[in-house]
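Thank you all for making the time this morning. I would like to walk through one chain with you, and please stop me if a residue goes by too quickly.

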Amino acid sequence: MFKEYQDYKKKLSYYHRMINLMSWDLRAKAPENSRENKYEAIEFFGNEIFKLETDPKFGELLYKLNDSSDDLNDAQKLSIKRDLKGYERFINVPGTFEAQYNTMQAKCEATWARAKAENDYASFAPALAKNIEMTKERMGYIFPGKDTYDALLDLWDYGLKTEDLDRIFKGVKDGIAPFIDDIKGKEVKKTKCDELTASPETMEKVQNFLLDYIGFDFKRGTTGDSPHALSSVIDPHDVRITNRLYGRHPLEVCLSAIHEGGHALYQQNVDPSYIGLAPNDLIYSDIHESMSRFMENTLARNVEFWLPVYDDLCNIWPEFKGVEPDDLNRFLNRWACSEVRTEADEMTYCMHIILRYEIELMMFRGNVSVNELSDIFSDKMKQYLGVTPKDQAHGILQDMHWSSVFYGYFPSYLLGSIYDGMYLEKMTDDLGDVKKLLLNKEMPKINNWLNKNIRSHGSLYDAPTLIKNLTGKEVSSDAMIRYFASKRGMQI
Ligand SMILES: [Zn+2]
């Protein structure tokens with residue numbers, strides 16, 4: 001019977017593979033006039049997947065397997081359990097509603113893109129209102145009777161509820177308040193690194209060198225150029241990264257590549273015996289973000305990460321030759337209150353997320369109208385970081401998440417950093433000073449630790465369980481606050 005299930009899943013994975021490949025192509029290389037057809041095909045395969053996953057025959061098979069799962073191993077049992085959960089959630093969503101919901105999402109994204117380009121929130125507000133209404137209706141089908149925001153968090157399966165996030169994020173807010181007070185209203189000190197340049201061709205070489213250095217397997221992955229940095233899983237042996245190699249500071253390009261490389265390394269190092277089973281589908285976005293942010297922030301924001309490869313970098317990037325370690329250290333670690341989330345440093349970034357989390361709660365719980373949200377966004381930005389967005393494109397319209405119905409996703413970025421603080425302390429206990437490891441070029445040792453303790457498990461455990469097993473502790477922001485405190489001195 002499990003064979004029947006595996007065959008069914010294989011068929012589903014082929015559809016997913018087509019969507020993944022076309023989506024990557026759309027981001028990377030697809031010619032302009034081929035786009036419309038690809039969107040149509042993606043919609044077709046998406047509908048087929050929905051039909052297959054909610055087919056009563058599939059449900060019957062899942063119930064049968066669930067009742068007689070004694071002979072199955074843990075990963076197989078989890079696969080059945082997770083698919084059954086998905087089946088029970090989505091069986092109640094009328095197919096016609098799901099199709100309308102997907103169309104609404106596509107239109108809403110297009111409306112958002114236009115509104116952002118024209119700096120005009122008013123033209124986006126009605127689409128956002130409809131989006132919120134339909135999301136509420138959809139959550140009503142999936143989790144009848146449940147508070148909508150709790151339901152949205154459940155969709156991401158953090159294993160943490162809104163009340164946990166309230167508690168954890170309050171710890172963050174209180175913990176970083178003195179650090180923000182240090183820098184509020186102050187000018188950013190420029191370093192020589194600010195003048196660093198590189199051509200896109202050089203950046204491609206640098207990016208590939210750094211990805212190789214951190215352990216990215218080019219035999220099971222590749223890279224491409226796109227306006228947004230992303231990592232995409234095509235199938236278990238094909239993880240692709242896109243990055244924007246031009247139009248921004250070269251070190252930001254490097255950090256983006258390392259961030260996406262962190263996502264890819266997670267997928268590339270899942271225990272191979274999980275291929276085709278639930279733990280290989282990395283469903284926990286908070287753990288995913290912890291893996292990418294660990295590489296980008298916890299490791300690559302140390303000057304010790306760069307020093308051992310200084311000569312190699314100079315060989316492929318002649319402009320890097322003049323970079324002084326002190327300048328580089330300052331550039332990588334300086335904090336500044338700014339308005340755009342994706343350009344924020346790792347400390348003030350926390351407040352960008354908390355602000356959005358609070359607005360999402362208001363959208364789904366409070367009695368605010370969408371028309372008020374732009375002002376609420378700006379007021380909170382002023383209150384938390386002391387900056388006022390220069391316009392709506394740099395304020396409420398800056399992220400695409402809400403138009404793409406990614407409600408409840410923002411917390412995963414901050415949770416990722418919170419977990420990283422805990423991983424770093426445990427790694428230091430186990431392996432010694434991580435800066436020393438970096439300086440001694442011991443990336444393989446660091447990777448072995450991450451593989452053994454986190455990546456190899458895939459999504460066998462949710463984050464609270466993974467962290468409890470690893471550190472013996474509950475999720476808390478204390479370690480992250482200690483990590484930030486260790487960098488406070490660098491701000492002077
Ligand atoms: Zn990420």
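I will go from the domains to the helices, then to the strands, and finish with a few single residues.

Please keep in mind throughout that this is a predicted model, and that everything I quote is computed from it. The chain is divided into domain 1, residues 2–91, and domain 2, residues 120–492, and the C-alpha centres of these two domains lie 28 Å apart. If we look at how they meet, 17 residues of domain 1 are in contact with 17 residues of domain 2. On the domain 1 side, the elements that give two or more residues to this contact are α1, residues 2–28, and α4, residues 74–90, and it is α1 that gives the most, with nine residues. By class, that side of domain 1 has six nonpolar, five polar and six charged residues.

While we are in domain 1, let me point to Leu65, which lies in helix α3, residues 56–67. Is Leu65 buried or exposed? With 21 C-beta neighbours inside 10 Å, where 20 or more is the cut-off for burial, Leu65 counts as buried. Setting aside residues up to four places away in sequence, Leu65 touches Met1, Phe2, Tyr5 and Ile80. By contrast, Leu65 and Asn37, which are 28 residues apart in sequence, are 39 Å apart in space, C-alpha to C-alpha.

Moving along the chain, we come to two loop residues that are worth checking on the backbone. Asn119 is found in the loop between α5, residues 95–118, and α6, residues 125–142, and its phi is near 55°, a positive value in a residue other than glycine. Asn119 is partly exposed, with 14 other C-beta atoms within 10 Å. Asp157, in the loop between α7, residues 148–156, and α8, likewise has a positive phi near 55° without being a glycine. With 16 C-beta neighbours inside 10 Å, Asp157 counts as partly exposed.

That loop brings us to helix α8 itself, residues 162–183, where the length can be checked against the residue count. At 1.5 Å a residue, its 22 residues should span 32 Å, and the end C-alpha atoms are 30 Å apart, which agrees. Where in α8 does the kink lie? A kink of about 40° lies at Ala177, shortly before the proline Pro178. The buried residues of α8 are Leu165, Ile168, Phe169, Val172, Ile176 and Ile183, and these pack against α15, residues 349–365, α17, residues 410–431, and α21, residues 478–485. Just after the helix, Gly185 takes a positive phi of about 75°.

Let me turn now to the strands, with β3, residues 238–243, as the reference. Strand β3 is mostly covered, in that five of its six residues are buried. On the one hand, β3 pairs with β1, residues 221–225, in the parallel sense over five bridges, and here the bridge partner of Thr223 is Ile241 in β3. On the other hand, β3 pairs with β2, residues 230–235, in the antiparallel sense, again over five bridges, and in this case Leu230 has Thr242 of β3 as its bridge partner. The strands β2 and β3 form a hairpin, with two residues between them.

Further along is helix α10, residues 250–268, for which the same kind of length check can be made: at 1.5 Å a residue its 19 residues should span 27 Å, and its end C-alpha atoms are 26 Å apart, which agrees. Of those 19 residues, 17 are buried, so α10 is largely enclosed by the rest of the structure.

The last residue I would like to show is Phe305, which lies in helix α12, residues 303–306. Phe305 is buried, with 25 other C-beta atoms within 10 Å. Which residues is Phe305 in contact with, leaving aside its neighbours within four places in sequence? They are Leu299, Ala300 and Leu438. Finally, as a longer distance to try on your own screen, the C-alpha atoms of Phe305 and Leu466, which are 161 residues apart along the chain, are separated by 27 Å.

I will stop there and take questions.

Note on methods
Residues are numbered from 1 along each chain as its sequence is written. This is a predicted model: local features need pLDDT of at least 70, side-chain atom pairs count only at pLDDT 80 or more; totals for chains, interfaces and linings use all residues. Helices (H or I, at least four residues) and strands (E, at least two) are DSSP runs, numbered from the N terminus. The expected span of a helix is 1.5 Å times one less than its number of residues. The bend at a residue is the angle between axes fitted to the seven residues ending there and the seven starting there. A residue is buried if 20 or more other C-beta atoms lie within 10 Å of its own, exposed if 12 or fewer, and partly exposed in between; C-beta atoms are placed from the backbone. Two residues are in contact if their C-beta atoms, placed from the backbone, lie within 7 Å. Domain bounds come from an automatic or database domain assignment. Ala, Val, Leu, Ile, Met, Phe, Trp, Tyr, Cys and Pro count as nonpolar, Asp, Glu, Lys and Arg as charged, and the others, Gly among them, as polar. Two strands pair if DSSP finds at least two bridges between them.
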